[in-house]
Amino acid sequence: MEKNITGKTFGRLKAIRPTGKRKNGTAVWLCECECGESKEVVANSLISGNTRSCGCLGAGRKPIDLAGKTFGRLKAIQPTGDKRNGHIVWLCECECGGRKGVAQDMLQRGLTKSCGCLRRGRKPSPRY
């Protein structure tokens with residue numbers, strides 16, 4: 001029996017459903033990329049990490065617009081023009097009023113949720 005990977009994320013790809021197709025004896029899955037494109041991928045390639053996007057990670061990568069989106073207490077304002085570990089840094093405003101530059105992957109993966117106020121125990125201001 002094949003492993004059910006529905007809803008699991010592999011890099012920028014989220015497994016949606018098996019296509020019913022097989023390649024070299026392995027199930028092929030329909031995946032949705034963070035950039036919005038769909039791609040059929042062999043399950044082994046997803047699980048092993050050999051396929052992490054629809055191809056948008058290469059040249060011509062489509063940037064993801066996070067402006068106005070909220071991640072924990074942070075609201076993404078605009079890209080700063082800087083990169084951290086290959087990821088775009090976004091200027092974010094925290095509910096407490098603080099501002100912080102945060103790498104896009106840290107926001108999307110839920111690893112940075114505030115300007116640091118959560119650690120310090122600061123309460124959010126009534127601005128939101």
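1. In strand 7, Trp90 is the bridge partner of Pro79. This pair belongs to the contact between strand 6, residues 74-84, and strand 7, residues 87-94, which run antiparallel and share 7 bridges. The model under review is a predicted one, and the points below should be read accordingly.

2. The contact just described is part of an open sheet of 4 strands, arranged in the order 5-6-7-8 with antiparallel pairing. Strand 5 (70-71) and strand 8 (99-103) form the edges, each pairing on one side only. As general background, the strands of a sheet pair through backbone hydrogen bonds, in either a parallel or an antiparallel sense.

3. Lys75 deserves a separate remark. On the side of strand 7, Lys75 stands opposite Glu93. Lys75 is also the bridge partner, in strand 6, of Thr70. Strand 5 and strand 6 are antiparallel to each other and are joined over 2 bridges.

4. Two hairpins in this sheet merit a check of the backbone. The hairpin of strand 5 and strand 6 has 2 residues between the strands, and Gly72 there takes a positive phi near 65°. In the hairpin of strand 6 and strand 7, again with 2 residues between the strands, Asn85 has a positive phi near 50°.

5. A further positive phi is found outside this sheet. Asn24, a residue other than glycine, has a phi near 50°. For context, most residues other than glycine have a negative phi. Asn24 is placed in the loop between strand 2 (13-23) and strand 3 (26-33). Asn24 counts as exposed because its relative accessibility is 76%.

6. The salt bridges number 3. In general, side chains of opposite charge can pair when their charged atoms come close. One of the pairs is Lys21 with Glu40, whose closest N and O atoms are 2.8 Å apart. This pair links distant parts of the chain, Lys21 being in strand 2 and Glu40 in strand 4 (residues 38-42), 19 residues apart. Lys21 is partly exposed, at 45% relative accessibility, and Glu40 is likewise partly exposed, at 40%.

7. Another salt bridge joins Glu93 to Arg99, with the closest N and O atoms separated by 3.6 Å. Here Glu93 is buried, at 11% relative accessibility, whereas Arg99 is exposed, with a relative accessible area of 53%. Glu93 is the residue that Lys75 stands opposite in strand 7.

8. Asp105 forms a salt bridge with Arg109, the closest N and O atoms lying 3.3 Å apart. Asp105 is located in helix 2, residues 104-108. Asp105 counts as buried because its relative accessibility is 14%, while Arg109 is exposed, with a relative accessible area of 57%. Between the C-alpha atoms of Asp105 and Gly86 the separation is 9.5 Å, although their positions lie 19 residues apart along the chain.

9. Which residues are closest to the centre of the largest pocket? The volume of this pocket is about 270 Å³. Of its 12 lining residues, Gly11, Arg12, Glu34, His87 and Asp105 are the closest to the centre. Helix 2 contributes the largest share of the lining, 3 residues. Sorted by class, the lining consists of 1 nonpolar, 5 polar and 6 charged residues. Asp105 therefore appears both in the pocket lining and in a salt bridge.10. The count of disulfides is 0. The cysteine sulfur closest to that of Cys92 is in Cys94, at 9.3 Å, which is too far for a bond. For Cys117 the closest cysteine sulfur is again in Cys94, at 3.6 Å, and this too is too far for a bond, because a disulfide requires sulfur atoms within 2.5 Å. Cys92 is buried, with a relative accessible area of 0%, and Cys117 is also buried, at 0% relative accessibility.

11. A last point concerns the start of the chain. Lys3 lies in the segment before strand 1 (9-10). Lys3 counts as exposed, since its relative accessible area is 57%. Lys3 and Ala27 are 24 residues apart in sequence, and their C-alpha atoms are 9.4 Å apart in space.

Terms used. Residues are numbered from 1 along each chain as its sequence is written. This is a predicted model: local features need pLDDT of at least 70, side-chain atom pairs count only at pLDDT 80 or more; totals for chains, interfaces and linings use all residues. Side-chain values use heavy atoms; hydrogens and water are left out. Buried means under 20% relative accessible area, exposed over 50%, partly exposed in between (1.4 Å probe, protein chains only). On a 1 Å grid over the protein atoms alone, a cavity is a set of points where a 1.4 Å probe fits but cannot get out, and a pocket is an open set with protein on both sides within 12 Å along at least five of seven lines; lining residues have an atom within 4 Å of a point. Grid points are joined across faces, edges and corners, and a volume is the space filled by probe spheres set on the points. Ala, Val, Leu, Ile, Met, Phe, Trp, Tyr, Cys and Pro count as nonpolar, Asp, Glu, Lys and Arg as charged, and the others, Gly among them, as polar. Two strands pair if DSSP finds at least two bridges between them. A salt bridge is a side-chain nitrogen of Lys or Arg within 4 Å of a carboxyl oxygen of Asp or Glu.
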